[in-house]
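Reader: I would like to learn how to read the contacts with DNA and the packing of helices in a model of this kind. Could you take me through them step by step, with the general idea ahead of each case?

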2 protein chains.
Amino acid sequence: MTTMTAARSPLSPADRPQLGLRERKKIKTREAIRTAMYALVEEQGYEATTVEQIAERAEVSPSTVFRYFPTKEDIVLTDEYDPILLEELRSRPADEPWPDTIRDVMLAAARVGVEEDLRVARLRTRLMVEIPAVRSRMMESMSVTGRMICGALAERTGRDPDSLEVRVYAMSFIGGLMEASLYWAEKGHQGDFTDLVDRALDVLEHGLGTEKP
Amino acid sequence: MTTMTAARSPLSPADRPQLGLRERKKIKTREAIRTAMYALVEEQGYEATTVEQIAERAEVSPSTVFRYFPTKEDIVLTDEYDPILLEELRSRPADEPWPDTIRDVMLAAARVGVEEDLRVARLRTRLMVEIPAVRSRMMESMSVTGRMICGALAERTGRDPDSLEVRVYAMSFIGGLMEASLYWAEKGHQGDFTDLVDRALDVLEHGLGTEKP
DNA sequence: CACCTTTTGAGAGTTACTCTCATTTCATGG
DNA sequence: CCATGAAATGAGAGTAACTCTCAAAAGGTG
């Protein structure tokens, strides 16, 4: 998951001098491409930004851009927070009820994800609303997160991670959180994103209820 | 919605002689393109099928194909069942509880959608599983259906169709049904699709519950 | 039949993405 | 410190989905 699910700072090259020069350079290139894309998109919009331009600004060849990111959309979206999220889920006390677990983890992820880099979080969600291809790619990435949630839920509750029920639960969960992100962006990123996630989690846990706000 | 939401036969040209020749020809062209695509995909697979080939077999120009369908994926997926679904929702007695309404309508839609043309339903869901672009496009189309459900739900319960709660509910609903479709296809279309939808609706209505099947 | 509108076809252009191969850059053992 | 192997990069050609434009054709109408 991307928008609401940061749980730790993304790997930066300076942080790990133990890595070989090669690995550090790869991380730098990745970041350079992302930074170039962010800048160009803010300058001239998503569609108007071509991969060639991104490559030029990042000082790599177009071939290299595609080596690092399978699609243009991935440059904006990809993050590798899923493993961290999984670890977080696993580190919870085994007797904690599942709803509490998932709620706390998701809320924390949302909080960190936004605090980490508000500008990027806004850009991403804005593009999710405006560019169908970005939104689609995001949904794809979310469904991967969904499968991970299936696994975690199964591990904790002894269910079959591949049962229809678990999978439907996970995907409906993901769908709801996705909509919360879109809602946030559509309303111009007003208010606290964490509050929206909290309200979304209420709906996912208890349904719509009978009160009419 | 496409896979599980047919509620009446798609418009066929012979059925409406009152339409002008122009309109009837358009419908025929649409069907010809679809039929050509279905056949080619079954012969040689989705990726190997180019729009040029589709155009050739449908005896139209490539330009025309793109005039009828915005993307290649849409040729496989598009159907206009949303208005029918909406009408169905509206025709329900006003005092019927919402969960019953949506359940019955969805189950009926699933039933008809599969019975209408099992081969097409299978092909579509199979492609949803195998081809990411098709799956993405399907999710997009589903989110449109989601907005429609927001409207219907709001109409019946007096809620704000654009409130976070309603939108999260609708999208989580859509996500769950989507997963049921994928599940059906992944398991080789074994068993009755309607049963899967029924079980999915249980999860969406009551959560996972405590029983472990 | 003539006129107007809509639809179609042809073709050129853009761009994301793929594949291949030669060149460069890093890692490593002597 | 250099030679050898492995990995990353760049260059370039190729594909196919889409877009745009404009002229030809076909349907509707007086």
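Author: A residue is near a molecule or strand if one of its heavy atoms lies within 4 Å of it. This is a predicted model, in which local features need pLDDT of at least 70 and side-chain atom pairs count only at pLDDT 80 or more, while totals for chains, interfaces and linings use all residues. Residues are numbered from 1 along each chain as its sequence is written, chains are lettered from A and ligands numbered from 1 in the order in which they are written, and side-chain values use heavy atoms, with hydrogens and water left out.

Reader: Which residues come nearest to DNA strand D?

Author: There are 20 residues around DNA strand D, and those that come nearest are A:Lys26, A:Thr64, A:Arg67, B:Leu21 and B:Lys72. Of the strand D atoms within 4 Å of the protein, 60% belong to sugar or phosphate, and the rest belong to bases.

Reader: How is a polar contact defined, and which base nitrogen contact does A:Ser63 offer?

Author: A polar contact is a pair of N or O atoms within 3.5 Å; within protein, one must be able to donate a hydrogen and the other to accept it, and residues adjacent in sequence count only if both atoms are side-chain atoms. In this model a polar side-chain atom of A:Ser63 is placed 3.1 Å from a base nitrogen of DNA strand D. The phosphates of DNA strand D are reached through the backbone in two cases: a polar backbone atom of A:Ser61 is 2.9 Å from a phosphate oxygen, and a backbone N or O atom of B:Arg22 is 3.1 Å from a phosphate oxygen.

Reader: Which helix gives the most to the surface near DNA strand D?

Author: Helices (H or I, at least four residues) and strands (E, at least two) are DSSP runs, numbered from the N terminus. With four residues, α3(A) gives the most to the surface near DNA strand D, and at least two residues each are supplied by α1 and α3 (62–68) of chain A and by α1 of chain B. For the classes, Ala, Val, Leu, Ile, Met, Phe, Trp, Tyr, Cys and Pro count as nonpolar, Asp, Glu, Lys and Arg as charged, and the others, Gly among them, as polar. The surface near DNA strand D has six nonpolar, eight polar and six charged residues.

Reader: What should I read for DNA strand C, and how many residues are around it?

Author: Around DNA strand C there are 19 residues, of which A:Lys25, A:Lys72, B:Lys26, B:Thr64 and B:Arg67 come nearest. Sugar or phosphate accounts for 62% of the strand C atoms within 4 Å of the protein. Two side chains of chain B address the bases of DNA strand C, with an N or O atom of B:Ser63 at 3.1 Å from a base nitrogen and one of B:Arg22 at 3.3 Å from a base oxygen. A polar backbone atom of A:Leu21, in turn, is 2.9 Å from a phosphate oxygen of DNA strand C. The surface near DNA strand C receives the most from α3(B), with four residues, and its residues divide into six nonpolar, seven polar and six charged.

Reader: At what angle do α6 and α10 of chain A pack?

Author: Two packed helices are described by the angle between their axes and the distance between the axes. Axes are lines fitted to C-alpha atoms, for helices over the stretch in contact, and angles run from 0 to 180 degrees between N-to-C directions. Helix α6 (residues 98–116) and helix α10 (residues 193–206) of chain A pack at about 160°, with their axes 9 Å apart. Angles under 35 degrees count as roughly parallel, over 145 as roughly antiparallel, 65 to 115 as roughly perpendicular and the rest as oblique. α6(A) and α10(A) are therefore roughly antiparallel to each other. Their contact, by class, has eight nonpolar, one polar and five charged residues.

Reader: How do α7 and α9 of chain B cross?

Author: The axes of helix α7 (residues 118–130) and helix α9 (residues 164–186) of chain B come within 8 Å and cross at roughly 100°. That makes α7(B) roughly perpendicular to α9(B).
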